[in-house]
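Me: Could you take one part of this protein and walk me through it slowly? I'm new to this, so plain words please, and then show me how the rest hangs around it.

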Amino acid sequence: MSTERISQARATNVPVRFPDIPLRTNDYGWYRYRCATLRTFMTMCIDKILVVAERASGSQAALQKAVMIARHFGAAIELFTCDAEHSYALGEDVGSTAIVTRCLAESRRFLAALRGSVSARDIDFTIQAACAATVGEGVCEHVHVSEPSLVVKSFSDPGLATASPASVTDRYLMRRCPAPLLLTHGRSWHPVPKIGVMVDLKGGSSAGGSVSSSRALRAAVEHLAAGCHGEVETLETTDRLDVDVLALQLESSTFAEQILGTAVFDLLLVPERANSEL
């Protein structure tokens, strides 16, 4: 629907109707379904990018990749870090509160320094720190609150010439992150990025799941490619993976291990549940 039609509808106080999605104002279940369907139409409409920063990993690479994508889409960037080392101090007593407060203040200083390491005055930045039992849990909890369009994180050691194995946090986020997740090795994309999409329209367990999830993955990849002026290539599991980004619906742990063992490209993981939860 065009912006003009929406404006006219608002001016005349007429309900905005989207194609093939009738309104049933007295049916709450139908209302939830309709909202989820509309969000599927807007898959990967990137307006906010969450960068997960860890002191022991290449957070600089993740930030630079996020800045590049943000400029293509006009998106804002939120820098986030989670302190799991001091999670033992989480409690209600005064001593525990003081420890957590100091840790969060130190984390914010780390994020501020990371923000200052890039020249990006054209992008809106925010910073946020948390303390949780594990980094993965902290990130997923914050994603539910912040609702970013995309989460960007570096692999464990993106400075290696060959692909490094994913960390425990990486693997956790690959299975649990409720938003599309881009894991990067820090390599620059080509001027015209090549984005490979691996789908399984038969609903098998190798690279994808249901037909609907495969369509959602395809829509996300096409939107990303359009915004970054890239090219989309459909791949099979046996193809040579000569791409800048490989996008897949990760539903098979066995296939995940195979990809992580050979990957020298960025991985874009689009969870099926992201379409209805974000």
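Reply: Let's go with strand S6, which covers residues 194-198. Four of its five residues are buried, so S6 is largely enclosed by the rest of the structure. One thing to keep in mind as you read: this is a predicted model.

What sits alongside S6? One partner is S7, and the two pair in the parallel sense over five bridges. To find a spot where you can see this, look at Met198, which stands opposite Leu235 in S7. S6 also pairs with strand S8 (residues 245-248), again in the parallel sense, over four bridges. Here the residue to pick out is Gly196, whose bridge partner in S8 is Leu246. So you can put S6 on screen and find both S7 and S8 as its pairing partners.

Now follow S7 for a moment. S7 runs over residues 231-235, and Glu231 belongs to that strand. Glu231 is partly exposed, because its relative accessible area of 47% falls between the 20% limit for buried and the 50% limit for exposed. On the surface, Glu231 gathers with Glu233, Glu236 and Asp239 in a patch of negative charge. Step back along the chain and you meet His229, in the loop between helix H7 (211-228) and S7. His229 counts as exposed, at 55% relative accessibility. The backbone is worth a look here too: His229 has a positive phi of about 60°, although it is not a glycine. Most residues other than glycine have a negative phi. Glu147 is another case, with a positive phi of about 55° and, again, no glycine. You'll find Glu147 in the loop between helix H5 (135-146) and S4, and with a relative accessible area of 47% it is partly exposed.

Right beside that loop, in helix H5, is Ser146. Ser146 is buried, with a relative accessible area of 12%. Try comparing its place in the sequence with its place in space: Ser146 and Ile49 are 97 residues apart along the chain, and their C-alpha atoms are separated by 9.9 Å. You can do the same with Gln60 and Ser117, which are 57 residues apart along the chain with C-alpha atoms separated by 8.0 Å. Gln60 is found in helix H3, and it is partly exposed at 29% relative accessible area.

What about charged side chains that do pair up? Side chains of opposite charge can pair when their charged atoms come close. A search of the whole structure finds six salt bridges. Let's visit some of them.

Lys48 forms a salt bridge with Glu78, and their closest N and O atoms are 3.4 Å apart. This pair links distant parts of the chain, with Lys48 in strand S1 (residues 48-52) and Glu78 in strand S2 (residues 76-83), 30 residues apart. Are the two ends buried or exposed? Lys48 counts as partly exposed at 25% relative accessibility, whereas Glu78 counts as buried at 5%.

Next, the side chains of Glu54 and Lys153 meet in a salt bridge, at 2.9 Å from N to O. Glu54 lies in the loop between S1 and helix H3 (59-73) and Lys153 in strand S4 (residues 150-154), so this pair ties together parts that are 99 residues apart in sequence. Glu54 is buried at 19% relative accessibility, and Lys153 is buried as well, with a relative accessible area of 0%.

Then there's Arg71, which forms a salt bridge with Asp122, with the closest N and O atoms 3.0 Å apart. Arg71 lies in helix H3, while Asp122 lies in the loop between helix H4 (94-115) and strand S3 (125-131), so the pair ties together parts that are 51 residues apart in sequence. Arg71 is partly exposed, with a relative accessible area of 45%. Asp122, at 55% relative accessibility, counts as exposed. Salt bridges that share partners also join Glu54, Lys153 and Asp170 into one network.

For a last look, go back to where we began: S6, with four of its five residues buried.

Technical notes. Residues numbered from 1 in each chain as written. Predicted model: local features only at pLDDT ≥ 70, side-chain atom pairs only at ≥ 80, totals over all residues. Heavy atoms only, no water. Patch = residues over 30% accessible without salt bridge, like charges linked within 9 Å, V, L, I, M, F, W, Y side chains within 5 Å. Areas by Shrake-Rupley, 256 points an atom, 1.4 Å probe, with all protein chains shown as cover. Salt bridge = Lys/Arg side-chain N within 4 Å of Asp/Glu carboxyl O. Lys, Arg positive; Asp, Glu negative; His and termini not counted. Charge placed at Lys NZ, Arg CZ, Asp CG, Glu CD. Buried < 20%, exposed > 50% of the residue type's maximum accessible area, 1.4 Å probe, protein only. Pairing = 2+ DSSP bridges.
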